[in-house]
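Dear colleague,

Please find below the structure I promised to hand over. My notes on its salt bridges and its nonpolar core follow.

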Amino acid sequence: ASAPESIPAAPGPQPGPTVASPAPSPSVERGALAGKKSHTVAAGECLWTIAEGYLPAGASNAEIAAEVHRLWVLNAGRIGTGDPDILLIGTVLRLR
């Protein structure tokens with residue numbers, strides 16, 4: 001009897017860019033980014049948490065949503081994913 005042929009294993013997932021997924025709590029303190037010109041995306045951040053960090057404490061959800069939109073319009077080319085919900089860690093965003 002002949003030995004069974006071995007089947008090569010399928011290649012595993014290939015490493016890609018690291019995506020910042022939303023954290024359960026903001027990783028930027030409210031108001032901590034006020035006055036800054038730029039911000040580098042860290043793990044766990046999304047445009048919402050960055051907008052919260054740029055606006056003063058007490059900003060309403062409507063104000064934060066408007067800021068998220070402004071940040072997306074200002075940075076869509078830098079973000080480069082075509083999706084405002086997907087930010088790559090290390091992306092430098094303009095804040096103003």
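The count of salt bridges in this predicted model comes to two. One of them joins the side chains of Arg30 and Glu52, with an N to O distance of 2.8 Å. Glu52 belongs to helix H1 (residues 47-54), whereas Arg30 sits in the loop between strand S1 (19-20) and strand S2 (38-40), so this pair ties together parts that lie 22 residues apart in sequence. As to their surroundings, Glu52 counts as buried, because its relative accessibility is 8% and the cut-off for buried is under 20%. Arg30 has a relative accessibility of 39% and therefore counts as partly exposed.

The pairing of Glu67 with Arg70 is also a salt bridge, and its closest N and O atoms are 2.5 Å apart. Here both residues lie in helix H2 (residues 61-79); they are three residues apart, which means that about one helical turn separates them. Glu67 is buried, at a relative accessible area of 8%, while Arg70, at 30%, is partly exposed.

The loop that carries Arg30 also holds Leu33, which lies between S1 and S2. Leu33 counts as buried, with a relative accessibility of 7%. Its C-alpha is 8.6 Å from the C-alpha of Glu52, although the two residues are 19 places apart in sequence. When neighbours within four places in sequence are left aside, the contacts of Leu33 are Val28, His39, Ile50, Gly53, Tyr54 and Leu95. Of these contacts, Ile50 and Gly53 fall within the residue range of H1.

I turn next to the nonpolar core. The largest one has 17 residues, and the members that touch the most others are Leu47 and Ile50. H1 and H2 each supply at least two residues of this core. The greatest contribution is that of H2, which gives five residues. Leu47, not counting residues up to four places away in sequence, touches Val68, Leu71, Trp72, Ile79, Pro84, Leu87 and Leu93.

In short, Glu52 of H1 is paired with Arg30 of the S1 to S2 loop, and Ile50, one of the two core residues that touch the most other members, is in contact with Leu33. The salt bridge between Glu67 and Arg70, by contrast, lies within H2, the helix that gives the most residues to the core.

With kind regards

Notes:
Residues numbered from 1 in each chain as written. Predicted model: local features only at pLDDT ≥ 70, side-chain atom pairs only at ≥ 80, totals over all residues. Heavy atoms only, no water. Salt bridge = Lys/Arg side-chain N within 4 Å of Asp/Glu carboxyl O. Helix = DSSP H or I, 4+ residues; strand = E, 2+ residues; numbered from the N terminus. Buried < 20%, exposed > 50% of the residue type's maximum accessible area, 1.4 Å probe, protein only. Core = buried A, V, L, I, M, F, W, Y, C linked by side-chain atoms within 4.5 Å. Contact = heavy atoms within 4.5 Å.
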